[in-house]
Amino acid sequence: MGQPAPTHPGVSFVMPVYNEAAYIDDAIASVLAQQYTGERELVVVLGPSTDGTTERVQARAVQDARIRIVENPQLSIPLGLNLGIRAAAHDVIVRVDAHTELEPHYTATGVATLLRTGAASVGGLMVATGRGRLQSAVARAYNHRLGLGGGAYHGAASEGPAESAYLGIMRREALVAVGLYDEGLKRGEDWELNLRLRDAGHLVWLDPALRVTYWPRSTWARLARQFRATGIWRGELVRRLGGRNPVRYFAPPALVVSLALSAVLLVLQLTGIVAGLPSLLLSVVHLGPALYLLVLLALLVVPSSGQRFADRLTFAGVIAVMHLSWGTGFVRGFVLGARDAVDTSRIES
């Protein structure tokens, strides 16, 4: 008879890091403070940071032998994750982002769920949090159905099989068997990996008891760049996988196309090129943008958008930036392919 599986297997936390000086100390502290009795290590995969992140991580590694550093000279999260997984010493991989903070019992709960369900990948809820008006508005949008709330891990959900897993507490053996993360992707790599795990017959599981604090982008420009890059790579995934992508991903590009058609028609109508009955019939194109404008106006009065009018106005702006950036990126990625598009929202400018 073989030895029974350990109830507290060793865990390797894998954290890709690039330009996260404002968040890296808290992220590392939350990992080291995990109340878990099994063996642990933190593999920090360092990108070529320019904001002092590298020096902060190196200083922490000198102080704590559980921290190991792997160099990642490229701005590629999937490549960094694969480097960390290959360097990991343990059979359970816990993906951690430098913009996140784990609750103290996150690992113990997640590993218990992994063993209880037999899943290959277990994820929980992203609890977006912000400082100041703009980042707080972005955090509310992450948790709102009009923002990112369409995904189960962005809002209230019940435990059970899932389409994907946020971050992920994963079995290394299963990851290796499906080929690890796709290094040809720059965004959407977690969703695509979990798709391959499910295709291979593995279970992907959502446990709402797992909660991760996430700090979103805190400037308009970085928010727009982040969502444009995400949209580009979702468009690329639709090129590759077609209808296997959830319907909700097609709403922002549909909005962008609707706005573009409406703008072109409006110019033709104002210049008299399109008039009479054709103009009247084609005016149905304006319905989509008009309804969207009404939705944004409604956000200025509903309490969930914020306490003050300035908070609600910021929230409505954040929603619009998310949708339009993601939608225009999607159209570009779907029509032209992602090519070498990267998320530049963490690059200092």
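G147, in this predicted model, touches A141, I319 and M322 when residues up to four places away in sequence are not counted. The place of G147 is the loop between α5 and β7, and its C-alpha lies 7.2 Å from that of M322, although the two residues are 175 apart in sequence.

Helix α5, at one end of that loop, also takes part in an aromatic pair. Searching the whole structure turns up seven aromatic pairs, and one of them is formed by Y142 and Y214, whose ring centres are 5.4 Å apart and whose planes make an angle of 35 degrees, which makes the pair tilted. Because Y142 belongs to helix α5 (residues 132-143) and Y214 to strand β9, this pair ties together parts that are 72 residues apart in sequence. Y142 has a relative accessibility of 3% and therefore counts as buried, and Y214, with a relative accessible area of 6%, is buried as well.

A further aromatic pair joins F250 and F330, with 5.8 Å from centre to centre and 65 degrees between the planes, an edge-to-face arrangement. Since F250 is in the loop between α8 (220-241) and α9 (251-270) while F330 is in helix α12 (residues 309-336), the pair ties together parts that are 80 residues apart in sequence. The two partners can be set side by side by their accessibility: F250, at 32%, counts as partly exposed, whereas F330, at 5%, counts as buried. F250 and F330 also belong to a cluster in which ring pairs link Y249, F250, W326, F330 and F334. Within this cluster, the ring of Y249 has charged residues over its face: R234 lies there at 3.9 Å from the ring centre, and R248 lies over the face of Y249 at 4.8 Å from the ring centre.

From the rings the path leads back to strand β9, which holds Y214. Strand β9 spans residues 204-214 and is mostly covered, with eight of its 11 residues buried. Which strands pair with β9, and in what sense? Strand β6 (residues 121-128) runs parallel to β9, and seven bridges join the two; in this pairing G123 stands opposite L206 of β9. Strand β5 (residues 100-102) is instead antiparallel to β9, with three bridges between them, and here L102 faces V212 of β9 as its opposite residue. Strand β7 (residues 160-161) likewise pairs with β9 in the antiparallel sense, over two bridges, and P161 stands opposite W205 of β9. In a regular strand, side chains alternate between the two faces of the sheet.

Ahead of strand β9 in the sequence comes helix α7. Is helix α7 enclosed or open? Eight of the 11 residues of α7 (residues 189-199) are buried, so the helix is largely enclosed by the rest of the structure. The buried residues of α7 are E189, D190, W191, E192, L193, N194, L195 and L197. After α7 comes G201, which has a positive phi near 95 degrees.On the other side of α7, the loop between α6 (172-177) and α7 contains L180. The phi of L180 is near 60 degrees, which is a positive value in a residue other than glycine. Most residues other than glycine have a negative phi. L180 counts as buried because its relative accessibility is 6%. N19 too is a residue other than glycine with a positive phi, in this case near 50 degrees. N19 is found in the loop between β1 (11-17) and α1 (24-32), and its relative accessibility of 8% means that N19 counts as buried.

One more loop residue completes the path. S76 sits in the loop between β3 (67-71) and α3 (77-87), and, at 5% relative accessibility, S76 counts as buried. The side chain of S76 reaches the backbone nitrogen of L79 at a distance of 3.3 Å. When neighbours within four places in sequence are left aside, S76 is in contact with E183 and K186.

How values were computed:
Residues are numbered from 1 along each chain as its sequence is written. This is a predicted model: local features need pLDDT of at least 70, side-chain atom pairs count only at pLDDT 80 or more; totals for chains, interfaces and linings use all residues. Side-chain values use heavy atoms; hydrogens and water are left out. Buried means under 20% relative accessible area, exposed over 50%, partly exposed in between (1.4 Å probe, protein chains only). Helices (H or I, at least four residues) and strands (E, at least two) are DSSP runs, numbered from the N terminus. Two strands pair if DSSP finds at least two bridges between them. A polar contact is a pair of N or O atoms within 3.5 Å; within protein, one must be able to donate a hydrogen and the other to accept it, and residues adjacent in sequence count only if both atoms are side-chain atoms. Contact means heavy atoms within 4.5 Å. Rings of Phe, Tyr and Trp (its six-membered ring) pair if their centres lie within 6.5 Å; planes under 30 degrees apart count as stacked, over 60 as edge-to-face and the rest as tilted. A charge sits over a ring if NZ of Lys or CZ of Arg is within 6 Å of the ring centre and within 35 degrees of the ring normal.
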